[in-house]
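Thanks for coming. I will go through one structure today, starting with a single chain and ending at the DNA. Please have a look at it first.

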Protein chains: 2
Amino acid sequence: MPVELSASQALNLWHSVSLEQVRIDNRDLTLRQISILLHIYLVPPPHTVRGLAGILGVTKPVITRALDTMGDLGLVTRSRDERDKRNVIIKRTVDGALYLEKLGDLIIDQGRKLSI
Amino acid sequence: MPVELSASQALNLWHSVSLEQVRIDNRDLTLRQISILLHIYLVPPPHTVRGLAGILGVTKPVITRALDTMGDLGLVTRSRDERDKRNVIIKRTVDGALYLEKLGDLIIDQGRKLSI
DNA sequence: ACGAAAAGAAACGCTTCCGTAACGGTCTGA
DNA sequence: TCAGACCGTTACGGAAGCGTTTCTTTTCGT
């Protein structure tokens, strides 16, 4: 079930959602952080630092720092992989799920308001 | 013509577009910068620093800095308002239009790939 | 058993962003 | 006309991001 958007619909959707996100959310995540967060919550686990770095095309410290920041915000958690103690498994939190739920609602709302 | 999205469609769309944007674009604009850029290009002019600050709910220096950064990237230009020389009018550029055209195409492409 | 490899974190120097506050140039109305 | 309001920028100290490099712990192959 693809979603067919016109050029103006696509950009207007992005515009209104970004704007509301900026206005509402004081946490001000970067695009990278949002990508990581969405990836963790939408793609089946397990998620590792190395894996995420490869997927986003960034270096490992970028992921570590993003997880530090989002961990402080309560959006994700980390725990050692007991099967291979070199790995860290990135886990979801209730707050993180809530955050993305709100984002989803925002996108849906702004999508409904589109014209042309 | 509203766009009806399911919760999973909304988040998957945001996920895939953010991910591709991170992978493709080395400029790495912040969400605020993207909001400003989209606003300048989608909302009829004139655009002023004070006006944008009010719309985004941020302070004026935030707008000035964002315009500095995006000006260096060639995405926007500024010029004094000759009618009231206190004001600065923010203008569009060819590169900026091209940047947003690519973003629009990306959103459209990822929208087409959605399922469920 | 032990050296190499792998994973994540920490350190380092740098850049960029933030909000508050102060600053010059411009307009305006009393 | 000129004091005050307005507009955008700059300055400042601090926080957070970046990529590269180094370090610690753990695993794996021989």
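Of the 116 residues in chain A, 36% are buried, where buried means that 20 or more other C-beta atoms, placed from the backbone, lie within 10 Å of the residue's own. Before I go on: this is a predicted model, in which local features need pLDDT of at least 70 and side-chain atom pairs count only at pLDDT 80 or more, while totals for chains, interfaces and linings use all residues. Residues are numbered from 1 along each chain as its sequence is written, and chains are lettered from A and ligands numbered from 1 in the order in which they are written.

Chain A has five helices and two strands. Helices are DSSP runs of H or I with at least four residues, strands are runs of E with at least two, and both are numbered from the N terminus. In sequence order the pattern is α-α-α-α-β-β-α. Along the principal axes, the C-alpha atoms of chain A fill a box of roughly 55 × 30 × 25 Å.

Now the two copies. How is chain A superposed on chain B? A rotation of 180 degrees with 0.0 Å of shift along its axis does it, with an RMSD of 0.1 Å; the fit is by least squares on the C-alpha atoms of residues with pLDDT of at least 70 in both copies. The two copies are thus related as by a two-fold rotation axis. In chain A, the C-alpha nearest that axis belongs to A:Thr30, at 2.8 Å.

The contact between the chains takes 40 residues from chain A and 40 residues from chain B, counting two residues as in contact if their C-beta atoms, placed from the backbone, lie within 7 Å. On the chain A side, helix 1 (7–24), helix 2 (31–42) and helix 5 (94–112) each give two or more residues. Helix 1 of chain A gives the most, with 13 residues. Because 100% of the interface residues of chain A are also interface residues in chain B, the copies meet through the same surface.

Last, the DNA. Which residues are closest to DNA strand D? They are A:Thr69, A:Lys85, B:Thr48, B:Arg50 and B:Thr64, out of 23 residues that surround the strand. Near here means a C-beta atom, placed from the backbone, within 6 Å. Helix 4 (60–72) of chain A, and helix 3 (49–56) and helix 4 (60–72) of chain B, each supply at least two residues of this surface. Helix 4 of chain A gives the most, with five residues.

Note on methods
A residue is buried if 20 or more other C-beta atoms lie within 10 Å of its own, exposed if 12 or fewer, and partly exposed in between; C-beta atoms are placed from the backbone.
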